[in-house]
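Here's a walk through a model you can follow with the viewer open. We'll go from strands to ligand and finish with a few backbone oddities.

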Amino acid sequence: MDVDLQQLLTSAAEVGARHRATVGNRPVQPVTDRDTLTSALGGDGDLQAGPTPPAEVVRQLVEAAEPGLVGTVGPRFFGFVIGGSSPAATAADILATGWDQCAYNEVLSPAAAAAERAAGSWAKQLLGLPAQASVGFVTGAQAANTVGLAVGRHRVLADVGWDVEREGLFGAPRVAIVASEERHATIDRAARLLGFGTSVIHPVPATSQGAIDVEALGRALDVLAGEPVIVCLQAGNVNTGACDNLSAAIPLARRVGGWVHVDGAFGLWAAASPRTAHLLDGVEAADSWGTDAHKWLNVPYDSGLAFCADAALHAATMSYAASYLTGSGAGSDFVLGDLTPESSRRARGFAVWAALRELGRDGVADLVDRSCALTRRMAARLEAGGATIHNDVVLNQLLVSVGDTAHTDAVIAEVQRDGTCWVGGTTWHGQRLIRVSVSNATTTEDDIDLSADAILRAAAVVGARAPSAT
Ligand SMILES: *Cc1c(COP(=O)(O)O)cnc(C)c1O
């Protein structure tokens with residue numbers, strides 16, 4: 001088959017670029033359904049026997065998939081914590097696909113290794129992490145949290161004479177994981193994947209804003225003194241944006257010899273702006289950190305960073321050796337694959353490198369500041385329209401209700417149906433609320449104003465439908 005690869009890749013890139021150029025002008029939520037999409041992709045039938053020409057495959061995919069794309073990369077998607085995707089990072093990710101490098105080690109791709117070293121080093125500077133820390137390029141904060149807890153498991157069990165890499169957890173001394181009741185659910189999944197189970201998690205009460213209650217943490221740790229302990233702290237509560245008081249909490253964990261992991265999926269990036277860096281005071285004293293590049297840094301999915309202050313420990317936990325591989329786990333000369341749960345892996349470093357090169361220090365700080373300012377603007381617009389704000393807007397997360405919270409889910413459904421913007425819901429302190437997360441670099445003040453109006457309009461529609469609402 002004679003394939004014009006250049007034309008094929010160019011046309012695919014053009015489709016992506018067209019999507020970006022128009023995403024802000026289309027409804028955020030697609031109007032289609034599951035059966036239509038399944039059938040458009042042929043998922044209701046058998047795979048045909050013969051081949052399909054590549055250009056035809058791409059044509060079919062674009063035609064079938066486009067009606068089912070959500071405008072998550074656009075300026076008015078405020079659900080979950082979904083970043084955009086910067087121009088340079090997007091292009092770099094297309095290059096990573098074109099080059100198809102396997103980022104396992106230096107032999108397989110000296111370029112991917114160098115990009116990860118550069119991007120990792122810049123990220124540490126921005127986030128205020130120790131210069132000697134190791135950086136694994138993982139799929140996201142779930143993976144990064146799992147790596148951090150795995151290295152912690154290795155260290156705290158080694159401290160009591162147990163080699164977990166060899167003996168596993170059967171018969172091992174019990175390890176306690178101490179974490180806020182407001183920890184992200186990925187911490188629990190990491191605990192399950194690592195064989196701890198969730199029953200070893202000691203939930204510590206949180207403040208009204210969702211940061212760990214430091215005095216309660218102290219009391220929980222006192223009870224556990226002498227036992228192997230991993231303390232999981234959080235920078236950026238997914239509902240409120242609240243950050244744990246790291247400078248007070250980390251010394252408490254140190255007192256009992258605990259491992260300290262910080263889940264900073266989006267919140268860690270607040271360290272990059274002088275305006276918000278104080279929320280991360282003391283962050284450098286932890287042992288491991290997890291963050292996302294695909295959220296606030298606006299790198300395409302999927303991309304996360306797992307940092308560890310002790311590079312040798314990081315590699316001792318994550319590496320493996322095989323006779324046909326070179327350099328793995330040897331001395332202090334780590335290979336990329338010694339720091340991640342994946343073995344063969346996409347060269348994610350190119351896109352992270354590109355995002356950081358594109359923005360520079362000031363650009364990242366500005367991205368953080370602008371997102372926070374836009375979140376405050378949204379809060380002010382909504383409040384002026386009669387809404388109630390339920391959190392201190394310290395970062396880019398906002399909790400809001402309009403009218404009776406019993407109708408919150410109906411308001412959310414109406415906002416999504418309207419399509420101007422997209423917001424999701426959450427349950428916070430027993431109430432159903434609207435969650436707004438501003439994480440996309442392309443969002444403007446006009447986008448915020450249009451979206452606030454759409455949310456207030458939806459609340460009016462729902463209110464008119466349910467006149468008994470107070
Ligand atoms: C999003 C998030 C995670 C999980 O990140 P993924 O990118 O989905 O793996 C973990 N912790 C916090 C605080 C988050 O906001």
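Let's begin with β2. This is a predicted model, and a handy place to enter it is the pairing between Ala176 in β2 and its bridge partner Val229 in β4. That pair belongs to a parallel match between β2 and β4 (residues 229–234), made over 4 bridges. β2 also has β3 (residues 201–204) as a partner, again running parallel and joined by 4 bridges. If you want a landmark for that pairing, look for Ser180, which stands opposite Val204 in β3. To get from β2 to β3, the chain passes through helix α8 (residues 185–193), and this β-α-β crossover is right-handed.

Is β2 enclosed or open? Buried here means under 20% relative accessible area. In β2 (residues 176–180), 5 of the 5 residues are buried, so the strand is largely enclosed by the rest of the structure. Both faces are covered: Ala176, Val178 and Ser180 point one way, Ile177 and Ala179 point the other way, and all are buried.

**Another covered strand**

β7 tells a similar story. It is mostly covered, with 5 of its 5 residues buried. Gly304, Ala306 and Cys308 point one way from β7, while Leu305 and Phe307 point the other way. The pairing here is antiparallel: β1 (residues 134–138) and β7 are joined by 5 bridges, with Ser134 opposite Cys308. β6 pairs with β7 in the antiparallel sense too, over 5 bridges. In that pairing, Trp289 has Phe307 as its bridge partner.

**Around the ligand**

Now for the ligand. Which residues come closest to it? Of the 15 residues that surround the ligand, the closest are Gln142, Asp263, Asp292, His294 and Lys295. Helix α6 (residues 141–159) supplies the largest share of the shell, 3 residues. By character, the shell divides into 4 nonpolar, 8 polar and 3 charged residues.

Here are some side-chain contacts to click on, each between a polar side-chain atom and a ligand atom:

| Residue | Ligand atom | Distance |
|---|---|---|
| Asp263 | nitrogen | 2.7 Å |
| Asp292 | oxygen | 2.8 Å |
| His294 | oxygen | 2.7 Å |

How much of the ligand does the protein bury? Taken alone, the ligand exposes 380 Å², and the protein buries 84% of that.

**The open sheet**

Further along the chain you'll find an open sheet of 4 strands, in the order β8-β9-β11-β10, with antiparallel pairing. Its edge strands are β8 (388–389) and β10 (424–428), each pairing on one side only. β8 pairs with β9 (residues 397–401) in the antiparallel sense over 2 bridges. To line them up on screen, use Ile389 and its bridge partner in β9, Val400.

**Loops and backbone oddities**

A bit of background helps here. Most residues other than glycine have a negative phi, and most peptide bonds are trans.

With that in mind, take a look at Phe80. Its phi is near 45°, a positive value in a residue other than glycine. Phe80 is found in the loop between α3 (54–65) and α4 (87–99). The cut-off for exposed is over 50% relative accessible area, so Phe80, at 51% relative accessibility, counts as exposed.

Asp100 has a positive phi as well, about 45°, although it is not a glycine. You'll find Asp100 in the loop between α4 and α5 (110–127). Asp100 counts as exposed because its relative accessibility is 63%.

What kind of peptide bond joins Tyr301 and Asp302? That one is cis, with omega about -10°. Asp302 is found in the loop between β6 (288–292) and β7 (304–308), and those two strands are the antiparallel pair with 5 bridges.

One more loop residue before you go: Glu342, in the loop between α11 (311–318) and α12 (349–384). Is Glu342 buried or exposed? Glu342 counts as buried, because its relative accessibility is 18%. Its C-alpha atom is separated by 30 Å from that of Ser437, and those residues are 95 residues apart along the chain.

Definitions and conventions: Residues are numbered from 1 along each chain as its sequence is written. This is a predicted model: local features need pLDDT of at least 70, side-chain atom pairs count only at pLDDT 80 or more; totals for chains, interfaces and linings use all residues. Side-chain values use heavy atoms; hydrogens and water are left out. Buried means under 20% relative accessible area, exposed over 50%, partly exposed in between (1.4 Å probe, protein chains only). Two strands pair if DSSP finds at least two bridges between them. A crossover is right-handed if, with the strands pointing away from the viewer, the path from the first strand over the helix to the second runs clockwise. A residue is near a molecule or strand if one of its heavy atoms lies within 4 Å of it. A polar contact is a pair of N or O atoms within 3.5 Å; within protein, one must be able to donate a hydrogen and the other to accept it, and residues adjacent in sequence count only if both atoms are side-chain atoms. Accessible areas come from the Shrake-Rupley method with a 1.4 Å probe; for residues, only the protein chains shown count as cover. Ala, Val, Leu, Ile, Met, Phe, Trp, Tyr, Cys and Pro count as nonpolar, Asp, Glu, Lys and Arg as charged, and the others, Gly among them, as polar.
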